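Let's take a walk through a model together, from the overall fold down to single side chains. Keep the viewer open as you read, and turn the structure as each residue comes up.

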Amino acid sequence: MGLQQGLKKAYANGSATPTPRSGQKEKVVRYKECMRNHAANIGGYAVDGCTEFMASGAEGTPSAFVCAACNCHRSFHKRVVESDTETDSCDCSSITTASR
């Protein structure tokens with residue numbers, strides 16, 4: 001435990017997730033298409049077509065939050081959480097229905 005517990009694993013698209021503990025699934029966070037409305041100031045709707053966030057700087061620097069392709073902040077990109085397993089099945093055995 002100790003120092004290893006707080007370390008994060010960095011990914012190529014600028015996202016990072018904590019290292020999972022035993023028995024937990026590893027989740028990968030990816031940032032996909034840019035959803036920034038560039039025509040909002042004139043009352044329209046236009047996106048730039050950027051399909052995936054690419055960090056423009058090294059992890060831990062302020063430029064790591066800026067996309068190299070569209071120059072938008074990472075928060076404008078659609079956040080997708082992917083599980084390491086093939087299917088995220090629901091364990092519905094704990095859900096009970098009450099008969100009245």
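What follows moves from confidence and overall layout to the core, and then to a few residues around it.

A good place to begin is how far the coordinates can be trusted, since this is a predicted model. The chain has an average pLDDT of 77, and 59% of the residues score at least 70. Strand β1, residues 8-10, has the lowest mean pLDDT among the elements of the chain, at 54, while strand β3, residues 27-34, has the highest, at 90. Ahead of β1, residues 1-7 stay under 50 in pLDDT, and the model gives this segment three contacts beyond four places in sequence. Where pLDDT is low, the predicted coordinates should not be read in detail. With that in mind, the residues discussed below are from β3 onwards in the tour.

Now for the layout. The chain contains four strands and zero helices, so the pattern along the sequence reads simply β-β-β-β. Of the 100 residues, 18% are buried. The chain exposes about 7,700 Å², with carbon and sulfur atoms supplying 52% of that area. As for how the chain folds back on itself, take the contacts between residues at least 6 apart in sequence: 42% of them join residues at least 24 apart.

Which residues make up the largest nonpolar core? There are eight: Val 29, Tyr 31, Cys 34, Cys 50, Phe 53, Cys 67, Cys 70 and Cys 72. Two of these also bring their rings together. The chain has one aromatic pair. Tyr 31 and Phe 53 form it in an edge-to-face arrangement, with 6.2 Å from centre to centre and 65 degrees between the planes. The pair links distant parts of the chain, with Tyr 31 in strand β3 and Phe 53 in the loop between β3 and β4, 22 residues apart. Both Tyr 31 and Phe 53 are buried.

Stay with the core and look at Cys 72. Beyond its neighbours within four places in sequence, Cys 72 is in contact with Cys 34, Arg 36, His 38, Asp 48, Phe 65, Val 66, Cys 67 and His 77. One of these partners, His 77, sits in strand β4. Is His 77 buried or exposed? With a relative accessible area of 4%, it falls under the 20% cut-off and therefore counts as buried. Not counting residues up to four places away in sequence, His 77 touches Tyr 31, Lys 32, Glu 33, Cys 34, Cys 50, Glu 52, Phe 53, Cys 67, Cys 70 and Cys 72.

Another partner of Cys 72 is Asp 48, found in the loop between β3 and β4. Asp 48 is partly exposed, because its relative accessible area is 34%. Setting aside neighbours within four places in sequence, the contacts of Asp 48 are Cys 34, His 38, Cys 70 and Cys 72. Its side chain makes a polar contact of 3.4 Å with the side chain of His 38, and also reaches the backbone nitrogen of Cys 50 at 3.1 Å. Arg 36 lies 12 residues from Asp 48 along the chain, and their C-alpha atoms are separated by 7.7 Å.

The loop between β3 and β4 also holds Asn 71. Here the backbone is worth a look: phi of Asn 71 is near 65 degrees, a positive value in a residue other than glycine. Asn 71 counts as exposed because its relative accessible area is 60%.

Finally, follow strand β4 beside β3. Lys 78 belongs to β4 and is partly exposed, at 40% relative accessible area. Its C-alpha atom is separated by 5.4 Å from that of Tyr 31, although the two are 47 residues apart along the chain. Beyond its sequence neighbours within four places, Lys 78 is in contact with Arg 30, Tyr 31, Lys 32, Glu 33 and Met 35. Val 81, also in β4, is partly exposed too, with a value of 45%. Lys 27 is 54 residues away from Val 81 in sequence, yet their C-alpha atoms are separated by 6.5 Å. Leaving out residues up to four places away, Val 81 touches Lys 27, Val 28 and Val 29.

Technical notes. Residues are numbered from 1 along each chain as its sequence is written. This is a predicted model: local features need pLDDT of at least 70, side-chain atom pairs count only at pLDDT 80 or more; totals for chains, interfaces and linings use all residues. Side-chain values use heavy atoms; hydrogens and water are left out. A nonpolar core is a set of buried Ala, Val, Leu, Ile, Met, Phe, Trp, Tyr and Cys residues joined through side-chain atoms within 4.5 Å. Buried means under 20% relative accessible area, exposed over 50%, partly exposed in between (1.4 Å probe, protein chains only). Contact means heavy atoms within 4.5 Å. Helices (H or I, at least four residues) and strands (E, at least two) are DSSP runs, numbered from the N terminus. Accessible areas come from the Shrake-Rupley method with a 1.4 Å probe; for residues, only the protein chains shown count as cover. pLDDT is the predictor's confidence in each residue, from 0 to 100. A polar contact is a pair of N or O atoms within 3.5 Å; within protein, one must be able to donate a hydrogen and the other to accept it, and residues adjacent in sequence count only if both atoms are side-chain atoms. Rings of Phe, Tyr and Trp (its six-membered ring) pair if their centres lie within 6.5 Å; planes under 30 degrees apart count as stacked, over 60 as edge-to-face and the rest as tilted.
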